[in-house]
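Here's a quick walk through a two-chain model, written for someone who likes the cut-offs spelled out. Have a look at it first.

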Amino acid sequence: MKKLVVSLLLVLAGLSAFAQQIPAVSLQDGAGKVVTTTSLIDHKTPFVISIWMTTCKPCLKELDTLSEEFPDWDGGFPLRIYAVSMDDSRSQKRAVAMAQGRDWEGISALFDVNADLRRALNVSSVPQVFVYDKEGKLFYTHIGYRPGDEQELLNQVRQCYGK
Amino acid sequence: MLRQVSRGLLLLLLGALVPAALGAQGRGSVTGSLESNSIYYLDDAVIGSPEHPWGSNNYLKLDYAAGGFGAGLQAEWYPQALAGYPAELQGAGLTGLYLSWNGRLVEATAGSFFEQMGSGLLLRTWEDRELGLNNALVGGRVSFHTENRGLTVKLLGGLPKYGLWPSTATALVGGDLSLDLLPLFGRESDHSIVVEGSLVDKFTRRVEDDIAFLASSGGFSVPSSRLSWSGRLQYSYGGFSLKGEYVGKGDDFYTEHLRHSREAYRLKGGNAQLVELNYAAGSFSGTVTFRRLENMTDRIFLTASSVSPANTLNYLPSLCMQQTYMLAGLNPYVTYADGEAGFQGDLYYTFRRGTALGGKYGMKLHVGGSWIEALPFALPDRDVHYLAYRDINIDLERTWNRKFKTILFVSIQENSPTHGNGKRTDAQNVFVLDALYRFSRTVSLRTELQYLYSQELTRDWMAGLVELSFAPHWSISASDMYNHGSSKVHYYNVGASYSWNALNVSLNAGRTREGMVCSGGVCRWQPAFKGVSLRAQWSF
């Protein structure tokens, strides 16, 4: 049985070593217009996707903190953060209202209405952040939020730009 | 036992090998996740113990993509499901096999897929691991859209999954049409008008328990085919949007509530209406929702397994705020699908930084509330509607400086546990102070102080939480909920959590209170337990 466990973990660890391209998924903006994930690739700068929900308090804390950090951003290139809500039809309108009413400076709100991005990225708990490089390759990901995680995230964005 | 464990692991391993081989050859990309939740239950003379001494729910999901082609699987393994999870979750199975093609104008899926039409009142299949629910359709789906997405047509058919396998008791065939009018007619505009419609035909084959139940209720008969439909209209411009939806359900089984707690059964159609209004400008936004339901329960099985949360085909979430603080979510409202109507509204406003009230970092205010009435035809007296649920929620968040942040939360709730059938309501008022202090850029302390005041049910409660975090990897926490107004029972917990990139592991020990775990109008009963739980999640 030990062999089976070790084999399974090795196979999965091997899979995690491959740089993943951002999956092509259609999202919506606050007005309901379709925004594809591939359109976020600008071939110049990295970008951050933060997966959140209206009922996830750590998610809100992370986005609030990133918004507070935004005016002090010193990376020398535009910081692009996309907050993608996983809220379903029950709270999707609430997510749209919350994203606007919380006044997240520097953060663009998108909505994963049919959970397509959630499934494609295999997100099993929130918050989870993803840093993609200028070509849409995954550079860094992190599950959960603790106060201070935003510093590590912004460091990763800088490293991704300079790689 | 050992053989069962080996078989489960072997299944997970085999599931991982094929996509791993493809990914390793550089042909496309592989993503996936692994999740394991296990609890060892301890004896507790005060709150009781589950029947089995341990439980474990395990999930592996893998997706392979190359160009427009995709394939994937989900393997689930329940050597002994966690206490309170549906009985049908036992053993191991490949529960989510699919092949898909995502072309420029055509998308097609064969195998397992999730689907939602409109807001889900008509049809929704989804997965919720907290509930033990995965009612994915197993069959096929094809959709076509025009270049500018002005027209989208979708056709589908399949069997809903129940437990680890598709159920042959019910089959669904449906179609959905969406017209985004302005792009469709080649006009570019800031206005948006979308017209949509859906049809779903449900074919039912009676299982033994259903047949026995129908015979015992006087030879009552339910049609084996039932057609339902929905029409939707949405208009948006800038920060304003208005959406309306009407759902009509064909004749279906209906339980009439009579006086003296008696029930009668008859055939009756169902319907639902939903109106959503949104407005946003600057740092203000508001949303209002009206919804009315009449006989909108839709199940895979009519009777026997109806207690399982997976026995559902549509989405009827309760029209009120999903509470996140311990005491505020103690007695959640459960949707009364037989007949209810209500409103929910939320207002958000941020006092921006630099203003008198906003200070240096801004202040966020949220005021929300809901009011839901059980409708006369769904109540024994038939002549008057009755309060089912209402609440008012206010939260105020203030960042005082770079080190200190507080949230003040108040929730006033009144709930009829019988949805007005018993004409009794329970009121409770919840007060929360949530404070965060940063000792340094990586070390912080969060505390919650909560109080619930009530003269009904289990009367007064108090709760507290302390969480010390060391970013970006560690956090430890301790909490206690104490029912000092009635049972005098403590529900204490201590825990530690570790995160590294996409790996998260948490270990907790303590008591969990019995109660309803609800989502989307579907609930499962969580028995009380004391135990040690280990949860690991890894996505790649």
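In chain A, 71% of the contacts with a separation of 6 or more come from residues 24 or more positions apart; two residues are in contact if their C-beta atoms, placed from the backbone, lie within 7 Å. Before going further, some housekeeping: this is a predicted model, where local features need pLDDT of at least 70, side-chain atom pairs count only at pLDDT 80 or more, and totals for chains, interfaces and linings use all residues. Residues are numbered from 1 along each chain as its sequence is written, while chains are lettered from A and ligands numbered from 1 in the order in which they are written.

Chain A has five helices and seven strands, laid out from the N terminus as α-β-β-β-α-β-α-β-α-β-β-α. Helices (H or I, at least four residues) and strands (E, at least two) are DSSP runs, numbered from the N terminus.

Here are the two chains by their burial and contact figures. A residue is buried if 20 or more other C-beta atoms lie within 10 Å of its own, exposed if 12 or fewer, and partly exposed in between, with C-beta atoms placed from the backbone.

| Chain | Buried residues | Contacts (separation of 6 or more) from residues 24 or more positions apart |
|---|---|---|
| Chain A, 163 residues | 52% | 71% |
| Chain B, 540 residues | 41% | 56% |

Now zoom in on strand β6 of chain A, residues 128-132, where five of the five residues are buried. Both faces are covered: Gln128(A), Phe130(A) and Tyr132(A) sit on one side, with Val129(A) and Val131(A) on the other. β6(A) runs antiparallel to strand β3 (residues 47-52) of chain A, joined to it by five bridges; for pairing, DSSP has to find at least two bridges between two strands. β6(A) also pairs with strand β7 (residues 138-143) of chain A, again in the antiparallel sense and over five bridges. Phe130(A) is a handy marker here: Ile49(A) stands opposite Phe130(A), and in β7(A) the bridge partner of Phe130(A) is Thr141(A). β6(A) and β7(A) form a hairpin with five residues between them, and Gly136(A) in that turn has a positive phi of about 85 degrees.

Over to chain B, which comes to three helices and 32 strands. The C-alpha trace spans about 70 × 60 × 60 Å along its principal axes. A compact globule with 540 residues would have a radius of gyration near 24 Å, and chain B has 25 Å, so the two agree. That radius is taken over C-alpha atoms, and the globule rule is 2.2 Å times the number of residues to the power 0.38.

For a local look at chain B, try His145(B), found in strand β11 (residues 137-145). His145(B) counts as partly exposed because 19 other C-beta atoms lie within 10 Å. Leaving aside neighbours within four places in sequence, His145(B) is in contact with Leu105(B), Leu151(B) and Thr152(B). The C-alpha atoms of His145(B) and Arg104(B) are separated by 8.7 Å, though these residues are 41 apart along the chain.

Finally, the interface: 69 residues of chain B are in contact with 51 residues of chain A. On the chain B side, α1(B) gives the most, with 12 residues. The residues of that side divide into 26 nonpolar, 33 polar and 10 charged. Here Ala, Val, Leu, Ile, Met, Phe, Trp, Tyr, Cys and Pro count as nonpolar, Asp, Glu, Lys and Arg as charged, and the others, Gly among them, as polar.
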